[in-house]
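User: I would like to go through some of the terms attached to this structure, setting each value against its definition.

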Amino acid sequence: MPRPQVDRAVADVGRDLVAARLWLPTNRWVAVRILVTLCPLLLSIQMATVHDAASITLVVIVFVLVGALNLLDRRTRSGRVRTARLRRTHPVSNVGADADSVGYAVAAHGKRALLAIMPGFAKDGGLLDGGTTATYLGDGSIGPNPNTMAGG
């Protein structure tokens with residue numbers, strides 16, 4: 001389901017994070033992922049031509065490492081440090097009723113914090129499933145997503 005306003009907002013935030021050097025630029029991020037995947041893959045292909053147990057074990061280890069390395073996020077070292085600091089200074093257990101403390105906790109901890117702080121709002125608003133069960137009605141309210149309703 002196309003969501004151009006959301007896509008633009010996410011792209012704007014991404015540009016801001018890159019400008020603040022908290023995220024890797026897209027071209028560097030793609031290059032890192034390609035290198036992280038391609039180099040071990042080529043090594044494992046080379047090793048796979050030798051059919052002893054040690055080589056096969058090495059190939060399996062390389063594939064597991066490639067999978068694990070591709071789970072790395074785009075954050076720079078500075079981004080990881082700031083995120084860790086934000087999580088320490090704004091724990092979910094210490095959230096008040098004011099919008100700022102809720103916002104910081106959700107920014108730091110994501111869906112886990114949103115579900116802990118406002119479970120009804122998070123579920124009813126479709127915020128935990130990517131918006132597939134709710135839709136923005138354009139008037140400041142959220143209603144059921146017509147694409148997920150029975151018969152729709």
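User: Why is the contact between Arg-15 and Asp-12 called a salt bridge?

Analyst: A salt bridge requires a side-chain nitrogen of Lys or Arg within 4 Å of a carboxyl oxygen of Asp or Glu. The side chains of Arg-15 and Asp-12 meet at 2.2 Å, N to O, so the pair satisfies that cut-off. Please bear in mind that this is a predicted model, in which local features need pLDDT of at least 70 and side-chain atom pairs count only at pLDDT 80 or more, whereas totals for chains, interfaces and linings use all residues. Residues are numbered from 1 along each chain as its sequence is written, and side-chain values use heavy atoms, with hydrogens and water left out.

User: What separates Arg-15 and Asp-12 along helix H1?

Analyst: They stand three residues apart in helix H1, residues 4-19, and are therefore separated by about one helical turn; a helix here is a DSSP run of H or I with at least four residues.

User: What makes Arg-15 exposed, and how is Asp-12 classed?

Analyst: Buried means under 20% relative accessible area, exposed over 50%, and partly exposed in between, with a 1.4 Å probe and protein chains only. Arg-15 has 51% relative accessibility and so counts as exposed, while Asp-12, with 37%, is partly exposed.

User: How many salt bridges does a search of the whole structure find, and what is the N to O distance for Arg-75 and Asp-73?

Analyst: The search finds two. In the salt bridge of Arg-75 with Asp-73 the closest N and O atoms are 2.5 Å apart; Arg-75 is partly exposed at 23%, and Asp-73 is likewise partly exposed, at 33%.

User: Why does Arg-74 have no salt bridge?

Analyst: Arg-74 lies in the loop between helix H3 (53-69) and H4. Arg-74 is buried, and the nearest side chain of opposite charge, Asp-73, is 8.6 Å away, so the salt-bridge criterion is not met. (Lys and Arg count as positive and Asp and Glu as negative; His and the chain ends are not counted.)

User: What does the side chain of Arg-74 make with the side chain of Thr-26?

Analyst: The two side chains make a polar contact at 3.2 Å, a term for a pair of N or O atoms within 3.5 Å where, within protein, one must be able to donate a hydrogen and the other to accept it, and residues adjacent in sequence count only if both atoms are side-chain atoms.

How values were computed. Helix = DSSP H or I, 4+ residues; strand = E, 2+ residues; numbered from the N terminus.
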